[in-house]
Each structure stands twice: as structure tokens, then as C-alpha cells.
Amino acid sequence: MIFIDACFKKKVPYTPVWMMRQAGRYLSEYMAVRKEAGSFLALCKDYKKASEVSLQPVEILGVDAAIIFSDILVVPLEMGMHLCFKAGEGPVFSKPLSNLEDLKALDPLKAVKKLSYVYDALKLTREKLPKEKALIGFCGSAWTIATYMIEGAGSKSYAKSKKMLYQNPELLHQILSTLTQALKLYLEEQIKAGANALQIFDSWASALEEKAFFDFSFSYTKELCSYIKEKYPHIPLIVFPRAISGYLDKINGDFDVFGVDWSTPLELARDKLSSRFVLQGNLEPCRLYDKKAIEEGIKEILSIMRGRAHIFNLGHGILPDIPVENAKFFIKRVQELSAL
Ligand code: CP3
């Protein structure tokens, strides 16, 4: 698998490419299956349909890896929190987590068992996927998942989570430890079900000042990576702490690939990290609105990364109104231009 080879800095014939949120609303085929399922969460829980949409971007766009279709928030859902996805608003937890009693009511081990629909989807997807294509499993970072559990929904300021961080850091650490305990077993089950690589999404890393980022977010991500790496050294681990370009000097850990978001200058990430990690990224997702912007963006990124280990991706998820034709063009041009 070219994607796995690239994760381990092996020589590859071209730069492998995939897109975050590649199984999603910009594909009419995805919308059709989601409609059949009834809702986003019903789609996550139906392993056959989840597998079907995971395979769509491989079939339609020719990406080098499939990412399993699911969501980072199924973990707190199956720990016992009520979750719904409201159209236009995103995820909502009707009873956010605010004290130790709320935390004690959650069951991390039960969650790992109840998430069997994710493992079933991985298993089926791995069976159907061409053998040269990799299958990526994933989870959210403990911090990013915790922000949704504490805020109850997406947030601009993360004020509730950060209030807890400064007023009651012990409680936040307990929440993060409980989540990390679940995530270790969850990722392990994903490997057993057929995941060839794993990505940890830390979308809200940038909400934290430097010390808080390392103490409350990245230390837990590193703990998770060390646990998996020790048992499964052949499985590449990708971390994606979003928009933390100011903190790159202090990044280290038992992972293979560092995902660079679009706001971080790729030269900076290359100079600070690429001697130690493979870099993944980081085309600005809005470039996909325009073919010329795509072509220029690809050429620039390839020239920055020339001679270095690299996996091509967007610098964050693909947006729902991107024309499929442009997404196809992006994948094809990365594969063509990087082979030259
Ligand atoms: O990348 C993939 O194709 C795999 C599937 C995937 C989804 N969510 C499907 C999804 C992955 C890897 C995620 C991760 C995820 N989920 C993150 C981290 C990555 C990031 O984007 O920063 C976060 C923060 C979430 C939580 C979440 N899920 C939000 C905030 C939303 C609503 C925002 C939106 O785009 O509507 C979701 C819903 C969601 N997760 C959708 C998809 C395809 C859209 C739901 C739909 O079909 O209507």
C-alpha cells in the first residue's frame, strides 16, 4: 500500500493523497445513502451503509486511502451521553458534562463494546477495498471530544471547557483520562477489525494557550499513541492538532505522521518537523472551488515538500458545496504531478 509506505518514509512512485471528510455531503452518492439511512447518526450505526459511503471516494475519486465513515462523537454517545445532530447547527449534547457525578455516570468500557458497528464497518470495508488502498481508522483527541461534552455543542470561545481547565483542572484531567482509557481500547479494536492506519483529530487544539495545549491535549494524544505504538508498531499513527503553528518546536511523540492544517505555513512545519515525522497536508480546502487555484496550490506544496516524506491532503475537511469534478481533478493532479 503506497499510503502505508509513505507513512513509514519508504520510497513511493507518487505522493499518496486522500481528503479529510472525503465521505461526505459534496457527493450525491453519499446524500442518497444518507437519505436511505434517515439521519447522520443512523448512517454511522448501519455498518453496511457506513462501509458503502467509506468506499465511495475510492471508487469515485481514486484516493489512495479510505477513511472509515463515522464521527469522533460516537465515543461520548456510547459512553452514555445523549447526542443529536441538528441540521445546520451540528452536534448537540442535550445534557452537557459539568461535574464529577456527570462523569461517573459514563461508562468507557461499555462504550468500547457498543461501538461494534464501527468495527463491523471497518471489517466489511477492508474486505471490499482493493488491496493496494489503505483503510484509515480514527478518533478525536480526548481534548476535542471533551470540549463537545462540556460545551454541549460547537463553540466559538470554549469558555465552559476553559473555565473548568482553570477553575477545576482535576475534574478536566479526570474527564480526559476517562476518555483516553476508552480511546486506547477503541483504537485497538479498530486495528483488530482491519484499520491499516489511525488518525487522531484534535480540531480544537488551537483553543488552548501553549502550556494548556501540552498539558490538557497533547499529553493525552501522546499517551494514546505510545499505548498503540508499543503493541502495534506496524500501524502508522497520524496526529492532527489543528492550527498550532506557534507550538511546533515542542512537538514530539510516538507517532509517524503529523497532519498540517492549512493555516500553518508548510515550510515552517517542514523545517521544524519533517526530519522526524512524515507531513500530511495542507491544501487550503477553499482552493477546491477553482481548478487554477488547485493546480497552483498542488505545485507549490509539491515544491516545498520535494525530497521529503509527504502525504497529500487538504488542510481541513472538504466543504459540502465543492463540485465533485474539482475534487476529482485535485486527486488526479496530485497523483500525476508528484509522479514526475
Ligand atoms: O473524513 C471522513 O470522511 C470520515 C468521516 C468523519 C466525519 N466526521 C463525518 C461527518 C470524520 C473523520 C469526522 C471527524 C469529526 N467530527 C471532527 C474532526 C475533524 C474536523 O472536521 O475538525 C469533528 C470536530 C467532528 C464533529 C462533527 N461532526 C461536527 C462539528 C459536525 C457538523 C459539522 C458539519 O460539517 O456539518 C459533524 C457531522 C459530520 N461528521 C458530517 C460528516 C460527513 C456531516 C453530517 C451530515 O451528513 O449532515
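A residue counts as buried when its relative accessible area is under 20%, and by that cut-off strand 9, covering residues 310-314, is mostly covered, with 5 of its 5 residues buried. The structure described here is a predicted model. The points below take up strand 9 and its pairing partner, then glutamine 199 in strand 5, and then the two pockets with the greatest volumes, which are the largest and the second largest.

**Strand 9 and its partner**

- In a regular strand the side chains alternate between the two faces of the sheet.
- In strand 9, His310, Phe312 and Leu314 point one way while Ile311 and Asn313 point the other way, and the residues of both groups are all buried.
- Strand 8, which spans residues 278-283, pairs with strand 9 in the parallel sense, and 5 bridges join the two strands.
- Within this part of the model, leucine 314 of strand 9 has leucine 283 standing opposite.

**Glutamine 199**

- Glutamine 199 belongs to strand 5, which runs over residues 197-202.
- The relative accessible area of glutamine 199 is 0%, which is under the 20% cut-off, so this residue is classed as buried.
- The side chain of glutamine 199 makes a polar contact of 3.1 Å with the side chain of glutamine 280.
- Leaving aside residues up to four places away in sequence, glutamine 199 touches Trp18, Met20, Ile136, Gly137, Phe138, Cys139, Ile238, Phe240 and Gln280.

**The largest pocket**

- The largest pocket has a volume of about 1,500 Å³, and of the 46 residues that line this pocket, Arg21, Arg25, Asp71, Phe85 and Pro91 are the closest to its centre.
- At least two lining residues of the largest pocket come from each of helix 2 (28-37), helix 3 (40-45), strand 2 (83-86), strand 3 (90-93) and helix 9 (142-151), and helix 2 gives the most, with 3 residues.
- Sorted by class, the lining of the largest pocket holds 25 nonpolar, 13 polar and 8 charged residues.

**The second largest pocket**

- The second largest pocket contains about 430 Å³ of space, and among the 19 residues that line this pocket, those closest to its centre are Val12, Thr15, Gly307, Arg308 and Ser338.
- Helix 14 (291-305) and helix 15 (324-339) are the elements that give two or more residues to the lining of the second largest pocket, with helix 15 giving the most, at 3 residues.
- The lining of the second largest pocket divides by class into 10 nonpolar, 4 polar and 5 charged residues.

Note on methods. Residues numbered from 1 in each chain as written. Predicted model: local features only at pLDDT ≥ 70, side-chain atom pairs only at ≥ 80, totals over all residues. Heavy atoms only, no water. Helix = DSSP H or I, 4+ residues; strand = E, 2+ residues; numbered from the N terminus. Buried < 20%, exposed > 50% of the residue type's maximum accessible area, 1.4 Å probe, protein only. Polar contact = N/O pair within 3.5 Å; in protein donor to acceptor, adjacent residues only side chain to side chain. Contact = heavy atoms within 4.5 Å. 1 Å grid on protein atoms, 1.4 Å probe; cavity = no way out; pocket = protein on both sides within 12 Å on 5 of 7 lines; lining within 4 Å. Points joined across faces, edges and corners; volume = space filled by probe spheres on them. Nonpolar A, V, L, I, M, F, W, Y, C, P; charged D, E, K, R; others polar. Pairing = 2+ DSSP bridges.
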